Structure formats: structure tokens, C-alpha cells
Amino acid sequence: NSRLDTIQAVVAKHLIEKKLDKITENRIKNALMYDSLLRDMPFLKIPERKIGNKEVFHLYTFQAKKRNKLAEFLNINGIDAKIHYPIPMHLQPAAKKYNYFEGDFPVAEKLCKTTISLPVHEFVTEKEIIYVSDLIKKFYSQL
């Protein structure tokens, strides 16, 4: 549900009509470039991409060992790496009434402890993706 004012609605309409296909295309291209550059790194787990599915990326997410240290390293080097969901849903205060505890959903908990996000928007350049990938390689080479 969104209540856009008139100016926001005009901008959104313009984006949807004129630019949406290009935005989508660039986000997919950027994510696939990250995939190809990071896929073979031993400390990372890149999500499997299903042939025939069209994924459009709001963020580029993957699992990383020493995720918090990697995010800190990338941030220090000017990369907007983030940890978006550090606490799984079953451990959120709103779910307390369901009496779930740590260990009840180990896969969700592991994902929350290892997942990191990188920008993948349409303005990220190939040169910037290579730079970020090289920084990630540098981080893990120092371990």
C-alpha cells in the first residue's frame, strides 16, 4: 500500500513506462556478473539460479563466512554492504507469543548469521562490481 503524492506519482509513472525494462535488465546483468566473479570463492555461497526463472534483484545477497568482518571491511572501503535481517522471524519480539527458541529453525538462523547484501541497482557499473569482487577476494586472502 502506498500513498504517493502527485509529484511522486508522476515520477513513478515515468519510471514504470519509460525505464522499467532497462532498470530490470541492468539489475539482472549486475547480479549475474557478481555471480560469475564470486561463485568460485571458497568462503562464499552464492544462491543457485534456476534456469528459466527470471530473477530481478533489489539487493545482491549471498552467504559469507566471517560475514560481519567482511561487511565492516567493505564499509571501510566505501562499499554499502549491509546485513539486512540479522534476527530470524521466530526470534523477533512480535513472535515471542509462539514460544520459539534459538535452535528451532536452524536453517533460518544460519542464514541470518551469514547473509550479506551488496548494491546491485542499475547505476552500479561493471568496473565497480569488479572492484567490490576484488575487495572481497582481498579480505579472504588476508585470513
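These legends go with a set of close-up views of a predicted model.

**View 1. The whole protein chain, from end to end.**
Start with the overall layout: the protein chain has four helices and three strands, and from the N terminus on they come in the order α-β-β-α-α-β-α. Measured out along the principal axes, the C-alpha atoms fill a box of roughly 45 × 45 × 35 Å. There are 143 residues here, and 31% of them count as buried. If you take the contacts with a separation of 6 or more, 70% come from residues 24 or more positions apart.

**View 2. Surface and charge of the protein chain.**
The accessible surface adds up to about 10300 Å², and carbon and sulfur atoms hold 58% of that. As for charge, the protein chain carries 24 positive and 17 negative side chains. The centres of those two sets are 2 Å apart.

**View 3. Helix 1 and its bend.**
Helix 1 covers residues 6-38. If its 33 residues formed a straight helix, the span would be 48 Å, but the end C-alpha atoms are only 42 Å apart. Look at K19 here: helix 1 bends by about 75 degrees at that residue.

**View 4. The buried residues of helix 1.**
Quite a few residues of helix 1 are buried, among them I23, I28, M33, Y34 and L38. N26, N30 and T24 are on the buried list too. What do the buried residues of helix 1 pack against? Their partners are strand 1 (44-45), strand 2 (60-64), strand 3 (115-118) and helix 4 (126-141).

**View 5. R27 and D35, two charged residues of helix 1.**
R27 lies in helix 1, and it counts as buried because its relative accessible area is 17%, with the cut-off for buried set at under 20%. Leaving out neighbours within four places in sequence, R27 is in contact with F57, H58, V120, H121 and E122. Back along the chain, I7 is 20 residues from R27, and their C-alpha atoms are separated by 25 Å. D35 is also found in helix 1. Is D35 buried or exposed? D35 is buried, since its relative accessible area is just 1%. Not counting residues up to four places away in sequence, D35 touches I46, R49 and Y60.

**View 6. I79, in the loop between helix 2 and helix 3.**
I79 sits in the loop between helix 2 and helix 3, yet I79 counts as buried because its relative accessibility is 11%. Which residues is I79 in contact with, leaving aside its neighbours within four places in sequence? They are L74, L118, Y131, V132 and L135. For a sense of distance, K65 is 14 residues from I79 in sequence, and the two are 18 Å apart in space, C-alpha to C-alpha.

**View 7. L91, in the same stretch of loop as I79.**
L91 has its place in the loop between helix 2 (67-76) and helix 3 (106-114). With 31% relative accessibility, L91 counts as partly exposed. Neighbours within four places in sequence aside, L91 is in contact with Y100, F101, E102 and E109. Q142 is 51 residues from L91 along the chain, and their C-alpha atoms are separated by 34 Å.

**View 8. Helix 3 and its buried residues.**
E109 turns up again here: in helix 3, E109, C112 and T114 are buried. The buried residues of helix 3 pack against strand 2, helix 2 and strand 3.

**View 9. K66 and N99, two loop residues with positive phi.**
Most residues other than glycine have a negative phi. K66 goes the other way: it is not a glycine, but its phi is positive, at about 55 degrees. K66 is placed in the loop between strand 2 and helix 2, and it is exposed, with a relative accessible area of 53%. N99 is not a glycine either, and its phi is positive at about 60 degrees. You'll find N99 in the loop between helix 2 and helix 3, where it is exposed, with a relative accessible area of 53%.

Key: Residues numbered from 1 in each chain as written. Predicted model: local features only at pLDDT ≥ 70, side-chain atom pairs only at ≥ 80, totals over all residues. Heavy atoms only, no water. Buried < 20%, exposed > 50% of the residue type's maximum accessible area, 1.4 Å probe, protein only. Contact = heavy atoms within 4.5 Å. Areas by Shrake-Rupley, 256 points an atom, 1.4 Å probe, with all protein chains shown as cover. Lys, Arg positive; Asp, Glu negative; His and termini not counted. Charge placed at Lys NZ, Arg CZ, Asp CG, Glu CD. Expected span 1.5 Å × (residues − 1). Bend = angle between axes of the 7 residues up to and from the residue.
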